[in-house]
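Okay, thanks everyone. I'd like to take a few minutes on salt bridges, so have a look at this one with me.

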Amino acid sequence: MDKRHFLGAALAAGSLPALGAPTPKSPAGPALLTISGEIRRSNRGALDPVRDQMMFKQKLSFPRAFALDFAMVAALPARSIQPTLEYDGKPHALRGPLLADVLALAGAQPPDAAKVVLRAVDGYAAAIPMAQVRTWKMIVATHLDGQPMALGGLGPLWAVYDADRVPEMAARPVRERFGACPWALYHIEVQA
């Protein structure tokens, strides 16, 4: 192979991943979770003060984001955990994908030192280091005791981890274990 053919083949091969990269999928149903901040993929534009009333009232702003519906979250490989919950002091089965896998849909692969801000519909927000998300193996729970979680309960999405399996948290009273776990999760901001 001469240099010209070699260079042409190398250039073509280098451009294939960009050409073959899948277009970010848009939600087929209502968007339940929006990821903004340090993301590499988006499937929606900037915050719209009319269409995005709750985000606007909670003073969020972003030029682009990645929106997911329930099916997009539920299609990811799920993990099951069984933490003791503060609401009744009993273990409950929670199932959903790893939070890191959900972030990866938006092309977010934050370093351990980066923070993610998890925001609930009531405005509660928890900013946690990505290292903690990974170490605690946080999930975005979609199911509680085998049933999809409803809005008005803990769902439809809940950022949570198995506090009983994290020694420094298991040593605390149950009511102090879930401050980093907003239920009714609807927005995640990835900060560098």
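Let's start with Asp162, which counts as buried, at 10% relative accessibility. Keep in mind as we go that this is a predicted model. Asp162 has a salt-bridge partner, Arg165, and their closest N and O atoms sit 3.8 Å apart. Now, the cut-off for calling a salt bridge is within 4 Å, so a 3.8 Å pair makes the list. And what about Arg165, buried or exposed? Arg165 is exposed, with a relative accessible area of 58%.

Okay, next pair. Asp164 forms a salt bridge with Arg177, and here the closest N and O atoms are 2.6 Å apart. Where do these two lie? Arg177 is in the loop between helix 6 (167-170) and strand 11 (185-191), while Asp164 is in the loop between strand 10 (158-160) and helix 6, so the salt bridge ties together parts that are 13 residues apart in sequence. In this pair the arginine, Arg177, is buried, at 9% relative accessible area. Asp164 is partly exposed, at 22%. The line for buried is under 20%, so Asp164 at 22% doesn't get that label.

One more for you: Arg44 and Asp52. They form a salt bridge too, with 2.7 Å between the closest N and O atoms. Asp52 counts as buried, at 10% relative accessibility, and Arg44 is partly exposed, with a relative accessible area of 21%.

So how many salt bridges does the structure hold? There are 4, and the ones I've walked you through include Asp52 with Arg44 and Arg177 with Asp164. Happy to go back to any of these on the screen.

Technical notes
Residues are numbered from 1 along each chain as its sequence is written. This is a predicted model: local features need pLDDT of at least 70, side-chain atom pairs count only at pLDDT 80 or more; totals for chains, interfaces and linings use all residues. Side-chain values use heavy atoms; hydrogens and water are left out. A salt bridge is a side-chain nitrogen of Lys or Arg within 4 Å of a carboxyl oxygen of Asp or Glu. Buried means under 20% relative accessible area, exposed over 50%, partly exposed in between (1.4 Å probe, protein chains only). Helices (H or I, at least four residues) and strands (E, at least two) are DSSP runs, numbered from the N terminus.
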